[in-house]
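Student: I'd like to learn how to read a helix and then a whole chain. Can we walk through a case together?

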Amino acid sequence: MSLRQVQRIARPTTVEEAWAIRRAAPDASRFLAGGVDLVLYAPPSVTTLIDLSRLGLDGIREEGDDLVLGAMATLSQALESPLVAGSAGGFLRDVLRRVASPPQRNLATIGGAAVRGHPWSDVVTALLVLDAQLETYDGREARLSLAAAGAGEGPSPLVRAIRIPGAWRGSRAAFEKFSRAAVDVAMLNCACSALVERGTCREARVAVGGTPALARRLLDVERSLAGTKLTAVETRAAAEEAARGIEARDDLRASAAYRRRLARVGVERCLESIAGRGEETG
Amino acid sequence: MIHLTVNGKERDWDALPGDTLLDVLRREGITGVKKGCGSGDCGACTVLLGGRAVNACLVLAAKADGAEVVTIEGVSSDGALHPVQESFLEAGAVQCGYCTPGMVLSAIALLARNASPTEHEIREAISGNLCRCTGYVKQVEAIERAAARLRGER
Ligand code: FES
Ligand code: FES
């Protein structure tokens, strides 16, 4: 497939410049990060691509206790980063290993994966339970939580980085994905994380994606888990609550009923692994 | 127009703004890069871009401007096959051959980073290269052989 309609590739060197081009042509322009999605799905109205590769957004660094992933870092770069490996027990690294294929991971960027929001996205599910924030620019710099992103009018802001707050970098987290083949997209995916103090779960995050809608957090389940000891009975109850709480639908990959089962099994496996009782899977 | 070093030769290549790297290479006769699906699923179009395996059908040519590209045409030297190619022949890992260029390049990229991959790591590295003929067993074996060969063990 080619983008026959594209007439121009802009190569801005500052975020201000990039945003000005984008804002001047909301329908006719798109930001070009890894390009994977654009090549496949760019709407026919798009005639200008704004290449973000000269904005210096590809570094992965620590800022205080936070982990900051430049939006243009590829999934492979993130996967190989010692800082990523050292966060939440290597959780994000282990998730990225299961995303797409190595050649695709060498192209796709973490920023693109976070904001493109494919309903089956594993990356979004994983980032949600790390309380990830987007560092954006739309005329001014802002930080918004990934969970709240995507609303609003007009072109969505330029994403400069994904920030994982220090508290959740130190969380225990686990991920499960159910797909027909290793490189296939998920029939359902889920992730959980917990801040555990002296055996008690102080705060938890639970997200389920590919329902087949895009991942979202299950706030009720998170509340139920807070204050528990993550015993087998408690994790089972939370998993059942998660299965009831998702908006499951039928599609070509799986039925709603099957998805609810997967959610129950997946969330329970994640929580069991966080509680230190998990079996190696995947 | 974009500037590329392809298989060691540096020059300008004709490219429209919306062309993929796959379009550009094949148009100029570099047809070892196969177009299986055009949508990132099959891996037949795998090339090395800056030393990393990528799907050429998913790369906008403009993004590759200034980069170094290696295709299957560029892996042998002075008529001698690359050790990975040799191993594919020895192990009987080639049937129709359509997936082979991509598979070989994925293997080369893997072995450049990891001289002693486990079977799991090999399977992972070629997980984006679909083969309709072989069932992958011989290809995994071929890559194990190639690794040993490159370590100087065979
Ligand atoms: S042609 Fe590129 S992955 Fe199939
Ligand atoms: S040898 Fe025929 S597709 Fe692999």
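Tutor: Sure. Keep in mind that this is a predicted model. Let's start with helix α2 of chain B, residues 83-91, where the buried residues are B:V84, B:Q85, B:S87, B:F88 and B:A91.

Student: On which side of α2(B) are they, and what arc do they cover around the axis?

Tutor: They span an arc of only 160 degrees around the axis, so they sit on the same side of α2(B). The general idea: an α-helix has 3.6 residues a turn, so residues three or four places apart point the same way.

Student: And what covers the buried residues of α2(B)?

Tutor: Their cover includes two helices of chain B, α3 (100-113) and α5 (137-150).

Student: What comes just after α2(B)?

Tutor: Look at B:G92, which follows α2(B) and takes a positive phi of about 70 degrees.

Student: Now chain A. How do I read its radius of gyration?

Tutor: Set it against the value for a compact globule. For 282 residues that would be near 19 Å, and chain A has 19 Å, so the two agree. Along the principal axes, its C-alpha atoms fill a box of roughly 60 × 45 × 35 Å.

Student: What is inside, in terms of elements and burial?

Tutor: Chain A has 12 helices and 12 strands, and 53% of its 282 residues count as buried.

Student: How much of the contact set joins residues at least 24 apart?

Tutor: In chain A, 60% of the contacts between residues at least 6 apart in sequence do that.

Student: And the surface of chain A?

Tutor: About 12,300 Å² is exposed, with carbon and sulfur atoms supplying 48% of it. As for charge, the mean positions of the 38 positive and 34 negative charges are 2 Å apart.

Terms used
Residues numbered from 1 in each chain as written. Chains lettered and ligands numbered in written order. Predicted model: local features only at pLDDT ≥ 70, side-chain atom pairs only at ≥ 80, totals over all residues. Heavy atoms only, no water. Helix = DSSP H or I, 4+ residues; strand = E, 2+ residues; numbered from the N terminus. Rg over C-alpha atoms; globule rule 2.2 N^0.38 Å. Buried < 20%, exposed > 50% of the residue type's maximum accessible area, 1.4 Å probe, protein only. Contact = heavy atoms within 4.5 Å. Areas by Shrake-Rupley, 256 points an atom, 1.4 Å probe, with all protein chains shown as cover. Lys, Arg positive; Asp, Glu negative; His and termini not counted. Charge placed at Lys NZ, Arg CZ, Asp CG, Glu CD. Arc of directions from axis to C-beta.
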